Amino acid sequence: MSEHATGLTRRCFLTGTGTVAVVSLSGCLGNSEEIDPVSIESGQNCDQCGMVIDQHPGPVGQTYYQDNTPEGHDPPARFCSTTCTYRHRFAKEQSGWTPAETFLTDYSTTDYEIRTDGGKTIISRHLEAEAFAPVGQLTVVANSDVEGAMGTAIVPFSDSADAESFAEEYGGQTLPAEDISRELVGGM
């Protein structure tokens with residue numbers, strides 16, 4: 001092997017080793033990993049209230065935290081409703097937990113159903129990973145006539161026009177999902 005070929009091989013090895021070290025380090029710091037939603041499986045419990053998620057209607061959520069994990073299972077923390085999602089986030093933020101990403105059911109991308117059950121207007125649940133979108137991409141309808149697992153549902157949409165149409169039909173007000181306040185979910 002020539003000296004030139006050996007130099008290239010050594011350079012490639014050192015460059016590759018340096019790249020692996022940088023990628024590994026950034027993974028430890030939580031900077032490089034893409035966070036994706038997961039499907040909520042049958043029988044899994046809400047990390048806020050303990051209810052079995054797939055036994056209740058309405059939008060659901062999941063949150064990944066930067067340096068903390070839910071008790072008793074791998075991330076993300078999972079929730080039976082948008083209300084429980086926000087209540088959990090607010091409580092954990094007060095304890096020093098930092099959310100890395102929160103996902104909610106995106107009703108702009110699902111074939112949802114609205115039905116009446118026991119005199120209540122209820123929206124369908126969707127638990128598959130592809131039914132979720134990041135909070136920063138969503139507009140929600142709050143205080144509508146539609147219920148989910150925890151009473152009045154906060155119903156998320158990635159298309160704000162879908163949210164407006166929903167609010168026109170079922171009442172409520174639209175707002176960015178990131179603008180949900182403690183007061184709003186506390187009063188629900």
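Visitor: In which helix do Glu 93 and Arg 89 both lie, and how far apart are they in sequence?

Guide: Both belong to helix α2 (residues 82-94), where they sit four residues apart, about one turn of the helix. Helices here are DSSP runs of H or I with at least four residues, strands are runs of E with at least two, and both are numbered from the N terminus. An α-helix has 3.6 residues a turn, so residues three or four places apart point the same way. This is a predicted model, in which local features need pLDDT of at least 70 and side-chain atom pairs count only at pLDDT 80 or more, while totals for chains, interfaces and linings use all residues. Residues are numbered from 1 along each chain as its sequence is written, and side-chain values use heavy atoms, with hydrogens and water left out.

Visitor: What makes the meeting of the Glu 93 and Arg 89 side chains a salt bridge?

Guide: The term requires a side-chain nitrogen of Lys or Arg within 4 Å of a carboxyl oxygen of Asp or Glu. The N to O distance for Glu 93 and Arg 89 is 3.4 Å, so the pair meets that cut-off. The structure holds two salt bridges, and another pair that qualifies is Arg 115 with Asp 117, at 3.8 Å from N to O.

Visitor: Why is Glu 93 called partly exposed?

Guide: Relative accessible area under 20% counts as buried, over 50% as exposed, and anything in between as partly exposed, using a 1.4 Å probe and protein chains only. Glu 93 has a value of 30%, and is therefore partly exposed. The same class holds Arg 115, at 42%, and Asp 117, at 41%.

Visitor: How do you know whether His 126 is buried or exposed, and where does it lie?

Guide: Its relative accessible area is 10%, so His 126 falls in the buried class, although its place is in the loop between β5 (120-123) and β6 (132-134). Contact here means heavy atoms within 4.5 Å, and, leaving aside neighbours within four places in sequence, His 126 has such contacts with residues including Val 60, Thr 105, Tyr 107 and Phe 132.

Visitor: What makes the approach of the His 126 and Ser 124 side chains a polar contact?

Guide: A polar contact is a pair of N or O atoms within 3.5 Å; within protein, one atom must be able to donate a hydrogen and the other to accept it, and residues adjacent in sequence count only if both atoms are side-chain atoms. The side chains of His 126 and Ser 124 are joined at 2.9 Å, a value inside that limit. Another example stands at the start of α3 (residues 160-170), where a side-chain oxygen of Asp 159 reaches to within 2.8 Å of the backbone nitrogen of Ala 161. Asp 159 itself lies in the loop between β10 and α3 and, at 35% relative accessibility, counts as partly exposed.

Visitor: How do you know on which side of α3 its buried residues lie?

Guide: The buried residues of α3 are Ala 163, Phe 166, Ala 167 and Tyr 170. They cover an arc of only 100° around the axis, which puts them on the same side of α3; the arc is that of the directions from the helix axis to the C-beta atoms. On the other side, Glu 168 and Glu 169 are exposed. Among the elements that cover the buried residues are β7 (139-142) and β11 (173-176).

Visitor: Why are β7 and β11 said to pair, and in which sense?

Guide: Two strands pair if DSSP finds at least two bridges between them. β7 and β11 share four bridges in the antiparallel sense, with Val 141 opposite Thr 174, whereas β7 and β10 pair over three, also antiparallel, so both pairs satisfy the criterion. From β7, Thr 139 and Val 141 point one way and Val 140 and Ala 142 the other, and all are buried.

Visitor: What makes a group of residues a nonpolar core, and which members of the largest one touch the most others?

Guide: The members must be buried Ala, Val, Leu, Ile, Met, Phe, Trp, Tyr or Cys residues joined through side-chain atoms within 4.5 Å. Of the 15 residues in the largest core, Ile 40, Cys 46, Ile 53, Val 60 and Cys 80 touch the most other members. β1 (61-65) and β2 (77-79) each supply at least two residues of this core. A second, separate core of 14 residues includes Ala 133, Val 135, Leu 175 and Val 185.
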